[in-house]
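Biologist: Could you take me through the packing inside this model?

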Amino acid sequence: MEVLIRDTPLEGAEVAAKVVRKKILEKPHPTLGLATGGTPLKMYQELIRMHNEEGLSFQHCTTFNLDEYVGLPPDNGQSYHYYMKNNLFDHIDLPSDKYHLPDGNADNLRQSCKDYERKIKDVGGIDLQVLGIGANGHIGFNEPTGSFASRTWIKILSEQTIRDNSKYFGPTEKVPYHVVTMGIATIMEAKHCLLIANGAKKADAVRKMIEGAVSASCPASILQMHPRVTVVLDEEAAYLLSAKDHYKWVEANKLDWQKY
Ligand code: PGA
């Protein structure tokens with residue numbers, strides 16, 4: 001894994017946006033996997049800035065999001081459809097027929113999940129998958145002990161994730177218990193994964209992901225088996241890493257073309 005440690009989440013967001021920009025510029029028709037939650041927000045703001053000020057275009061991109069709640073209509077303020085439009089899509093030049101999210105309201109869920117996987121394959125797979133990590137080590141909404149071979153499907157959130165996500169919901173709103181998420185096997189097929197984590201709350205999961213045993217108890221640890229992963233951490237999320245100095249040394253000695 002390539003581990004990039006920055007002093008603040010903002011500096012992390014800036015380097016993460018550069019990773020995305022590099023992918024967009026190096027491929028004629030890039031396919032991006034996108035994530036929601038609090039973590040990627042600053043990166044999306046930086047990408048919007050690059051679009052407005054530097055002419056970064058998303059016109060030839062296709063995107064697939066990791067997950068969506070079951071039962072929330074796309075115009076519900078808590079749905080990830082709404083989140084993506086509000087925080088990114090409405091501010092860039094991505095054509096409206098080029099973004100995809102799992103359908104949490106499909107009548108035929110099995111077919112809809114199969115179609116999602118097929119659409120990803122039809123465009124040649126995901127070139128860069130953006131990921132956050134749950135405090136319990138989940139990626140997408142693949143909770144601990146779920147199968148490493150899983151594909152896009154309905155999942156039940158753990159009680160910890162429901163508690164963690166309740167901060168995004170109003171006091172009278174209930175966090176849905178059910179979600180549709182890309183599976184671990186879907187994520188592992190992305191050609192390059194970009195995982196961002198900030199804050200001390202994520203430090204234990206980050207340590208298990210990078211330096212722990214590969215185990216379904218920490219779903220993100222499977223990324224140790226992926227050939228190309230870039231992890232962007234702030235100092236707080238990195239503080240439990242025992243080889244922190246090594247990761248910084250490796251980054252300081254990168255060749256010019258390896259830098260972002
Ligand atoms: P967060 O969630 O960005 O809201 O912390 C990350 C995740 O659950 O993957």
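The questions below concern a buried helix face, a nonpolar core and an aromatic pair.

Modeller: This is a predicted model, in which local features need pLDDT of at least 70 and side-chain atom pairs count only at pLDDT 80 or more, while totals for chains, interfaces and linings use all residues. Residues are numbered from 1 along each chain as its sequence is written, and side-chain values use heavy atoms, leaving out hydrogens and water.

Biologist: Within what arc do the buried residues of α7 fall?

Modeller: In helix α7 (residues 203–211), Ala203, Ala205, Val206, Met209 and Ile210 are buried, meaning under 20% relative accessible area (1.4 Å probe, protein chains only). Helices are DSSP runs (H or I, at least four residues), and strands likewise (E, at least two), numbered from the N terminus. Seen down the axis of α7, with directions taken from the axis to the C-beta atoms, the buried residues line one face of the helix, because they fall within an arc of 160°.

Biologist: Which helix gives the largest share of the largest nonpolar core?

Modeller: A nonpolar core is a set of buried Ala, Val, Leu, Ile, Met, Phe, Trp, Tyr and Cys residues joined through side-chain atoms within 4.5 Å. Of its 72 residues, Met43 and Leu233 touch the most other members. The largest share, seven residues, comes from helix α1.

Biologist: How many residues apart in sequence are the parts tied together by Phe64 and Tyr116?

Modeller: Their rings pair, as centres lie within 6.5 Å, and planes over 60 degrees apart count as edge-to-face, under 30 as stacked and the rest as tilted. This pair is edge-to-face, at 5.6 Å centre to centre and 80° between the planes. Phe64 lies in strand β3 and Tyr116 in helix α4, so the parts tied together are apart in sequence by 52 residues.

How values were computed: Buried means under 20% relative accessible area, exposed over 50%, partly exposed in between (1.4 Å probe, protein chains only). Rings of Phe, Tyr and Trp (its six-membered ring) pair if their centres lie within 6.5 Å; planes under 30 degrees apart count as stacked, over 60 as edge-to-face and the rest as tilted.
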